[in-house]
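The exercises below are to be worked with the sequence and the three-dimensional structure at hand. Each task is followed by a solution in steps.

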Amino acid sequence: MRLNYKNYTVIIILVLALSLMAGCASQTPYFKLDNSLQNDIKNFSGFQYVPLSRLCDVYGFECQWDSYIKTAILRKGSHKIVIRTDSDRVLVDGSIKKASRPVLLDTGAVYVPISFVREDLAQLIKSAPIEKPPVLEEVRKYSIKTIVLDPGHGGKDPGAIGRRGHLKEKDVTLRLARKIKDVLEASGVRVIMTRDSDVFIPLPKRADIANKSGADLFVSVHINASRSRLMRGFECYHLSNATDDNARVLEAFEDSSLRMGEGAEAEHSSQLDKALWDMALTENRLESAELASYVCDSVDQSFTISNKGIKSARFYVLKHTHIPAVLLEAGYISNRYEEAKLKDPSFIDKLASAIGGGILKYKREYERTEGFTKK
Ligand SMILES: [Zn+2]
């Protein structure tokens, strides 16, 4: 009897040791949810979820929720997670993850599938310290050093063409962008041009240049056109979820050069989830709107051209850049008065100094108020 009892003990110890070893060897060790969350677990269609607010409390994530676009940004240390309700795509430190179930909104609260917490958040929860090191906050510098200028169209894509003088949008955008570059560089800003000659650059490439450059702002330069020859004036666009009908028409025209990308569009959309690009941009909405307002105000005060103000749209280049971005429509080439003006080098000079001046004023205010957080 005694001997048998001892044998059983040895066997139990062996089994325990083996199962422990197996546990250590497995690549994703089982992540046990914090006990305090047990009472918060809710079932949706047979799947377990936890409320996002509790998850953030328990694991020390800083959580920002935008109810308008139903998107949450979670931060912990240097980690950043972007989630959107009704979507199973999640952005974890810039890379797209697919959760097994979509994030849900139920009676005003956001619920995250437990499977996602275990599979993807567990690593971040374990690795990042709960207390945020104060050093990280101080390291963040509010400075604008590099700006991408994007002269619209080019090469085989002429853009809009003036009816009277047959002026091409692609030529004016390049001339204007070069002059804006001079204004910015004179103030010590580094400028990257998406093109500096008459070449065709597909839109995805332009967005790519902006995203990979490490630049702080993106300014796309275009000239407007309308069936109505009376339409004239300067407009600044920034990204928004809301668009009006005029903006939609313009969007369709500016994005038509996407179709000239010879398969670039198809290749692009298969790789990228449109909704995710929008999500990646949400944090720049405020800055983009501010930038648009500084540029428009400066143009308004320069009296070089009538100002039609700030508008919002979903242009391809704006939707696909990760940095604050605006698209300028610097007058109407379809209006004969403005077409003549756009041909005049001294007008281009004045307009460039007004636009550049607005960008520089934005830069100064952004730096002074630490990203518009201080008055
Ligand atoms: Zn254009």
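**Exercise 1. The length of a helix**

Task: Compare the span of α10 with the span expected at 1.5 Å a residue.

Solution. The model is a predicted one. Step 1: α10 runs over residues 285-302 and has 18 residues. Step 2: the expected span is 1.5 Å times one less than the number of residues, which gives 26 Å for α10. Step 3: the end C-alpha atoms of α10 are 26 Å apart, so the two values agree. Step 4: beyond the helix comes Phe303, which has a positive phi near 55 degrees.

The same treatment applies to α5. This helix has 18 residues, and 26 Å separates its first C-alpha from its last, close to the 26 Å expected at 1.5 Å a residue. Gly188, with a positive phi near 85 degrees, follows α5.

**Exercise 2. Packing of α10 against α13**

Task: Determine at what angle the axes of α10 and α13 cross, and which residues meet.

Solution. Step 1: two packed helices are described by the angle between their axes and the distance between the axes. Step 2: the axes of α10 and α13 (residues 345-368) come within 8 Å and cross at roughly 140 degrees. Step 3: an angle over 145 degrees would count as roughly antiparallel; the crossing therefore makes α10 oblique to α13. Step 4: the crossing is right-handed. Step 5: from α10, the residues that meet α13 include Leu291, Tyr294, Val295, Ser298 and Val299. On the side of α13, Ala354, Ile355, Gly358, Ile359 and Tyr362 are among them. Step 6: the residues of this contact divide into eight nonpolar, four polar and four charged.

Burial within α10 can be read alongside the contact. Its buried residues include Glu290, Leu291, Tyr294, Val295, Ser298 and Val299, and these are also among the residues that meet α13.

**Exercise 3. Packing of α5 against α13**

Task: Classify the arrangement of α5 and α13, and state what covers the buried residues of α5.

Solution. Step 1: α5 (residues 169-186) packs against α13 at an angle of about 50 degrees, and the axes are 8 Å apart. Step 2: the two helices are therefore oblique to each other. Step 3: their crossing is right-handed. Step 4: α5 contributes Arg175, Leu176, Lys179, Ile180, Val183 and Leu184 to the contact, while the residues of α13 include Ile348, Leu351, Ala352, Ile355 and Ile359. Step 5: by class, the contact of α5 with α13 has ten nonpolar, two polar and three charged residues. Step 6: the buried residues of α5 include Val172, Leu174, Leu176, Ala177, Ile180 and Leu184. Step 7: their cover includes the strands β10 (146-151), β11 (190-193), β12 (217-224) and β15 (325-332), together with α12 (336-343) and α13.

**Exercise 4. Buried, partly exposed or exposed**

Task: Assign Ile83 and Arg75 to buried, partly exposed or exposed.

Solution. Step 1: a residue is buried at 20 or more other C-beta atoms within 10 Å, exposed at 12 or fewer, and partly exposed in between. Step 2: Ile83, in strand β5 (residues 79-84), has 26 C-beta neighbours inside 10 Å and so counts as buried. Not counting residues up to four places away in sequence, Ile83 touches Ala72, Val90, Val103 and Val112. Its C-alpha atom is 6.6 Å from that of Ile73, ten residues away along the chain.

Step 3: Arg75 belongs to strand β4 (residues 71-76). With 15 C-beta neighbours inside 10 Å, Arg75 is partly exposed. Leaving aside neighbours within four places, Arg75 is in contact with Phe61, Glu62 and Lys80.

**Exercise 5. Positive phi outside glycine**

Task: State where Ser45 and Glu370 lie, and whether each is buried or exposed.

Solution. Step 1: most residues other than glycine have a negative phi. Step 2: Ser45 has a positive phi, near 45 degrees, and lies in the loop between β1 (42-44) and β2 (47-51). With 7 other C-beta atoms within 10 Å, Ser45 is exposed. Step 3: Glu370 also has a positive phi, near 50 degrees, and is found in the segment after α13. Its count is 12 other C-beta atoms within 10 Å, so Glu370 is exposed as well.

Key: Residues numbered from 1 in each chain as written. Predicted model: local features only at pLDDT ≥ 70, side-chain atom pairs only at ≥ 80, totals over all residues. Axes fitted to C-alpha atoms, helices over the stretch in contact; angles between N-to-C directions. Helix = DSSP H or I, 4+ residues; strand = E, 2+ residues; numbered from the N terminus. Parallel < 35°, antiparallel > 145°, perpendicular 65-115°, else oblique. Left-handed = near helix turned anticlockwise from the far one by under 90°. Contact = placed C-beta atoms within 7 Å. Nonpolar A, V, L, I, M, F, W, Y, C, P; charged D, E, K, R; others polar.
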